[in-house]
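I set out to record what the coordinates show about helix faces, charged pairs and surface patches. The entries follow in the order in which I looked things up.

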Amino acid sequence: ELNHTAAQALAVDLLYRTLDEALKRAKEALAQPVIARLLPYLRQLIPGAEPSISEDMVLTGIRRENATESFTDLSIGTREQLAVLVRLAYADLLSEQGMPVTVILDDALVNSDDERRERMKAILYQAAQRYQVLILTCHEREYRDAGGSFIRLADCKADDA
């Protein structure tokens, strides 16, 4: 009976390790297309940077210059920028599958410094060539040269019907 129980324990352990490894491979397979689309954006924003992704497919930070920086240690502006880039990576995946895509950002770059804002505007302009990107902002002057059209809510009038 002891030998039988020991054999069962080994079988359960093997099953657990096999399932755990399969789950890790499945998560990597799911994350890989997103990472592949995120990487060019990230490198355009922060040259040489690579995303650091957890097993649960959460962006945990970035690696640059042989150091890993935790997401929580990054500036608020950099965190905002990374959040936008992840959205664009997912939008690219959907667009490539022929799905209609609209990315809506509500003052998502308000904490960006001038240089990073310019890089992000270029990235958003590139994305807008593939799908619709709407930027809601009260900082109009920051986007005058972004290549889009402006719709001012103050200029919109409700129909008197």
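I began with the exposed side of helix H3, where I found Asp114 and Glu115 exposed. The model is a predicted one, and I read the entries below in that light.

I then listed the buried residues of H3: Arg116, Arg117, Met120, Lys121, Ile123, Leu124 and Ala127. Viewed down the axis of H3, these buried residues fall within an arc of 165°, so they line one face of the helix. I note the general background: an α-helix has 3.6 residues a turn, so residues three or four places apart point the same way.

I next asked what covers the buried residues of H3. The cover includes H1, strand E2 (59–64), helix H2 (76–96), strand E4 (102–106) and strand E5 (132–136).

I checked the length of H3 (residues 114–128) as well. At 1.5 Å a residue, its 15 residues should span 21 Å, and the end C-alpha atoms are 21 Å apart, which agrees.

I turned to the charged pairs and counted 12 salt bridges. I looked up several of them individually.

Asp20 and Lys24 meet through their side chains in a salt bridge, 3.6 Å from N to O. Both residues lie in helix H1, four residues apart, about one turn of the helix. I recorded Asp20 as partly exposed, since its relative accessible area is 28%; Lys24, at 32%, also counts as partly exposed.

Arg37 forms a salt bridge with Glu96, and their closest N and O atoms are 2.7 Å apart. Arg37 lies in helix H1 and Glu96 in helix H2, so this pair ties together parts that are 59 residues apart in sequence. Arg37 is partly exposed at 23% relative accessibility, and Glu96 is partly exposed at 47%.

Asp92 and Arg130 form a further salt bridge, 3.2 Å from N to O. Asp92 belongs to helix H2 and Arg130 to the loop between H3 and E5, so the pair ties together parts that are 38 residues apart in sequence. Is Asp92 buried or exposed? Its relative accessibility is 6%, so I entered Asp92 as buried, whereas Arg130, at 43%, is partly exposed.

I also noted a network of salt bridges that links Arg43, Glu50 and Arg63.

Lastly, I examined the nonpolar surface. Leu30, Met57 and Tyr90 form a nonpolar patch there, with about 290 Å² of accessible area together. Leu30 is found in helix H1 (residues 2–45), and I entered Leu30 as exposed because its relative accessibility is 58%.

Definitions and conventions:
Residues are numbered from 1 along each chain as its sequence is written. This is a predicted model: local features need pLDDT of at least 70, side-chain atom pairs count only at pLDDT 80 or more; totals for chains, interfaces and linings use all residues. Side-chain values use heavy atoms; hydrogens and water are left out. Patches are made of residues with over 30% relative accessible area and no salt bridge: like charges are joined within 9 Å, nonpolar side chains (Val, Leu, Ile, Met, Phe, Trp, Tyr) within 5 Å. Accessible areas come from the Shrake-Rupley method with a 1.4 Å probe; for residues, only the protein chains shown count as cover. A salt bridge is a side-chain nitrogen of Lys or Arg within 4 Å of a carboxyl oxygen of Asp or Glu. Helices (H or I, at least four residues) and strands (E, at least two) are DSSP runs, numbered from the N terminus. Buried means under 20% relative accessible area, exposed over 50%, partly exposed in between (1.4 Å probe, protein chains only). The expected span of a helix is 1.5 Å times one less than its number of residues. The arc is that of the directions from the helix axis to the C-beta atoms. Contact means heavy atoms within 4.5 Å.
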